[in-house]
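Trainee: Could we take a close look at just one pocket, please? I'd love to know what surrounds it.

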Amino acid sequence: MTGPPRNIFAAAVVLGALLPSLALGQKVGTSSMQFLSVAPDARSMGVGTASSAIAEGAHALYWNPAGLVRTTGHSFALDRVDWFLDAAHYGMAYGRSLGSWGHAGVHFYLADMGEFQETRVDQLGFVDEGGTQVYNPGLTGSSFSLRSWVLGVTYARGFTDRFAAGLTAKMAREDLWLADARAFLFDFGMAYNTGYRSLRLGASVMNFGAPVSFAEDAYPPPLLFRLGGAVNVIGTDGLIPLHDANRLTATFDLIQPNDYDQQWAAGLEYAFLNRFFLRGGYQHNYDIASFSFGGGIRQPVAFVRLGFDYSYSSMTEAFGAVHRLGLLLSRD
């Protein structure tokens with residue numbers, strides 16, 4: 001392929017090289033709306049989040065909007081993340097083909113931090129309970145809940161048989177009890193099939209937008225740039241041609257956040273008959289994330305294809321493990 005698509009993808013590579021220097025102006029850990037940085041689906045986490053080049057169907061809305069063009073009909077996904085300290089994240093995404101008009105999708109992501117007991121300094125001290133003096137650590141008897149969410153709408157289109165691009169516009173809200181903030185953000189992604197065997201490239205810019213204001217202070221959203229590739233090591237179109245019953249895909253993403261040093265992620269996905277999947281991944285230069293593992297099943301049921309995914313993430317001894325569950329429904 002020659003012409004504009006190749007030039008556009010080359011520009012994305014240049015931008016990826018520039019972003020590390022741009023990120024030096026940001027202080028580590030000062031971005032707002034950190035719930036947007038939590039990987040919402042089990043398949044992508046199973047390969048260590050190295051998904052910019054393999055994102056497809058409804059899950060592409062979380063990683064690379066351009067991957068939505070790999071949806072031939074309808075794709076619907078439900079996901080749950082068991083996060084730290086009884087917090088949970090929920091994701092719902094839907095994408096569909098519009099034929100010659102391109103592809104469209106919508107997703108909703110909710111971070112539920114659970115219920116908290118209100119405490120106040122003026123409530124500290126001993127109180128009488130049935131004649132016994134009991135120390136009250138500031139509890140007022142009231143409680144509150146914290147929930148943050150994002151709602152996004154996506155449009156993607158294939159410009160040639162190898163190059164595609166997608167754009168997501170989304171509204172995000174973060175609740176900090178006494179203060180909350182809203183932000184209008186954008187995601188942009190590109191996907192390119194090199195034509196060599198199964199080698200694919202992907203690039204995405206996530207959470208692009210103005211600083212988010214909380215009271216008198218403003219903090220940037222968690223801007224994230226990903227540049228990655230994927231190739232079938234084993235398979236009919238793989239580097240090692242074998243029967244199509246077996247496929248082994250290797251993925252790699254170079255990641256530049258605006259509030260941390262450069263990171264990378266790598267993963268492997270083994271598929272048998274394109275129905276049974278095993279995955280493994282690693283995330284480098286993260287505070288608590290490292291290895292992840294997972295698996296999945298795809299099974300035709302009546303007129304739909306039913307899928308189930310699970311992943312396990314090692315998050316150090318202090319935080320334990322994080323489990324993700326996902327349900328996928330697709331129809332041509």
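**A closer look at the pocket**

Mentor: Happily! The second largest pocket has 28 lining residues, and those nearest its centre are E56, R70, N274, R298 and R305. This is a predicted model, where local features need pLDDT of at least 70 and side-chain atom pairs 80 or more, while totals for chains, interfaces and linings use all residues. Residues are numbered from 1 along each chain, and side-chain values use heavy atoms, without hydrogens or water. A pocket is an open set of points on a 1 Å grid, with protein on both sides within 12 Å along at least five of seven lines; lining residues have an atom within 4 Å of a point.

This pocket holds about 780 Å³ of space. Its lining comprises eleven charged, eleven polar and six nonpolar residues. Strands β1, β12, β14, β16 and β17 each give at least two lining residues, with the largest share, three, coming from β17. Strands are DSSP runs of E with at least two residues; helices are runs of H or I with at least four.

Two of the central residues, E56 and R298, also belong to a salt-bridge network with R43, R247, E269, R279 and D309. A salt bridge puts a Lys or Arg side-chain nitrogen within 4 Å of an Asp or Glu carboxyl oxygen. D309 and R279 form one, at 3.0 Å, joining strand β16 to strand β14 across 30 residues. D309 is buried (under 20% relative accessible area) at 2%, and R279 is buried at 5%. Elsewhere in the network, E269 pairs with R43 at 3.1 Å, linking strand β13 to helix α2, 226 residues apart. E269 is buried at 2%, as is R43 at 14%.

Terms used. 1 Å grid on protein atoms, 1.4 Å probe; cavity = no way out; pocket = protein on both sides within 12 Å on 5 of 7 lines; lining within 4 Å. Points joined across faces, edges and corners; volume = space filled by probe spheres on them. Nonpolar A, V, L, I, M, F, W, Y, C, P; charged D, E, K, R; others polar. Buried < 20%, exposed > 50% of the residue type's maximum accessible area, 1.4 Å probe, protein only.
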